[in-house]
Amino acid sequence: MGLTVVPSASPLIRISGLSVAFNGTPALLGIDLTVGAGETLGLVGESGCGKSVTWLAVLGLLPNSATVGGSATLDGRELVGAPASVLERVRGGRVAMIFQDPASALNPVHRIGRQVSEAVTLHRGLSGGAATAEALRLLDEVGIPDARNRMTAYPHEMSGGQNQRVMIATALAGRPELLIADEPTTALDVTIQAQILDLLRRLQREHGMALVLISHDLGVVAEMCERVCVMYAGRIVEEAQAGALFAGPRHPYTTGLMGALPPLTGPRLRLTAIPGRVPEPWAMPPGCAFAPRCPKRIEACDVSVPNLRGEDRRVACIRAAA
Amino acid sequence: MTLLALDSVARGYPMRRGWLGRAVMVHAVDGVSLEVSAGRTLGVVGESGCGKSTTGRLALGLETPDSGTVTFAGAAMPPPGGAAWRALRAQMQLVPQDPLGALDRRLPVARQIAEPLVIHGIGDAGERADRVATLLASVGLRPDQAARHPHALSGGQRQRAVLARALAAGPALLVCDEPVSALDVSIQAQIVNLLTDLQESHGIAMLFISHDLRVVRQVSHEVAVMYLGRVIERGDPDAIFTDPAHPYSRALVAAIPGGSKPHAILAGDPPNPADRPAGCAFHPRCPVVVARCRAETPTLDVRADGRAVACHLARG
């Protein structure tokens, strides 16, 4: 379980009304969320719901075909539309990001020691022996066994779990205040996933950094996060403390996701699958995007998009008590 | 009634290490014995490289074992490619993880669903069209979706099309290799429900291969846990999930995210099949290893409670 963090007056990251469209097709339809210092926030949802796009937009990592609107501030400083020089200092510096497939994020023709020390040089201004020593310390810290000798290994000589550790070492090089982990364990075996999640938990505790965990896996999020945002078709549909959310989901989509997950104990009943599929971005329903699949749909659901209501606990559903 | 039986099957592949290295034999499957009864599901779980997919291919006769035998409906598996083997395709079908890779991108899905009927000479054109319509309905696809090409369908719809094609010739056995792993959780539940419905209505047996323990528990009547080419535990799914006997099964169950078991994090990487440890293959990662484990390979023995376990310390 995560740490208990006293919410500070001003969050580290504040996202408001963030929207993204690719060649005119909307992918993100207005996101409001905050991440406090040292906090663990989970973002869950299915493919295409916008959970990754949100952070790629914040960090200016989307291609030119994307139109980004709204605002995202880091300590009050605007990142949307910020000059490249500002974003380059933020990325890998105050905010680092790791991805699902470490093997493709690492350079296959460079030794891992060099890749980590490059990040150290770039973000900390160390060079030569000092950068190498720091790279070695980081590889040690993320649990690469026999790190001194593994510095000269290439990514293909390492396992998937080891490569993810190297990626994490690279991300730590700039001493980030926020680490965004985008499906960090999805490509890994379950016992290795447990190791990597344990590592992230330990690093967060020791460095006091905030962690945003993007995952399709409710189990992973339940285990790692203090607060969770559930996303559907480009919007946040529910936000709550993890314990409260898993004990009693309020949005029918969240309820549906939990019902779709096979239980580990008790009788094996038929799963309550959500019927149908996510709407295509160019054919969004007029009202609530989940209405066509929703068991609690009424006429009013098709009239307008429900707002995310509530204070500590937010839900975007006219049928739910906030 | 036993439909499919694997008896001590082994399959190895030569692998070259490095650019000029000598070829070494990698034992992907190393003496596996399994039985699938008619109309029942055997779940096979394990991590990458444990040999579960190779086991599936051996069960289908797509691979010939180096030793041991595969028996289907009481008869030995014919060698791949021959007339007898081809005729057997109507009886057993593979449902793979990636439906887009399994479908022909250039043909509408209805044509592909009809293909097994054409190949096995089942019915005339009119009967085939009726059969395709029935199959589409049974997997939950609309008639207008049948005219589409695979790329015009979603992942879940493609997996439904693959299932319809697998069912076309009326098989007695489906080998499902990670059939829902590439799907989102809400779609995953639809396909899992569909598989259990089809089993109920058609009486199909399944060999269900997956790394996802939640899904395996949901669909299986019996579960086999594999590690490095061998079955290390086998038994009733509820018994294995609530009280796993082998230390590796315990670690697997404990590692399920959001599970109730406390985390006992297993150290070390998944093992390399080309470098099998002596004695019990799990001993380098085992939290309760004793001297005997390093020297002596445990056999898979059935305990008094009906569970089969390959561990010196879990004889029960």
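**Helix H5, a sheet and a contact**

Reader: Which residue takes a positive phi just after H5(A)?

Author: A:Gly143 does, with a phi of about 85°. This is a predicted model, where local features need pLDDT of at least 70, side-chain atom pairs count only at pLDDT 80 or more, and totals for chains, interfaces and linings use all residues. Residues are numbered from 1 along each chain as its sequence is written, while chains are lettered from A and ligands numbered from 1 in the order in which they are written.

Reader: What makes residues 128–141 of chain A a helix?

Author: Helices are DSSP runs (H or I, at least four residues; strands are E, at least two), numbered from the N terminus. H5(A) has 14 residues. From first C-alpha to last, H5(A) reaches 20 Å, close to the expected 20 Å; that expected span is 1.5 Å times one less than the number of residues.

Reader: Which residues of H5(A) are called buried?

Author: A:Ala131, A:Ala135, A:Leu138 and A:Leu139 are, so each has 20 or more other C-beta atoms, placed from the backbone, within 10 Å of its own (12 or fewer is exposed, in between partly exposed). They cover an arc of only 100° around the axis, so they lie on the same side of H5(A); the arc is that of the directions from the helix axis to the C-beta atoms.

Reader: Why are E2 and E5 of chain A at the edges of the sheet?

Author: The open antiparallel sheet runs E2-E1-E4-E5. E2 (25–35) and E5 (77–78) each have a single partner strand, so one side of each lacks a neighbour.

Reader: How do you know that E1(A) and E2(A) pair?

Author: Pairing takes at least two bridges found by DSSP, and these antiparallel strands have eight.
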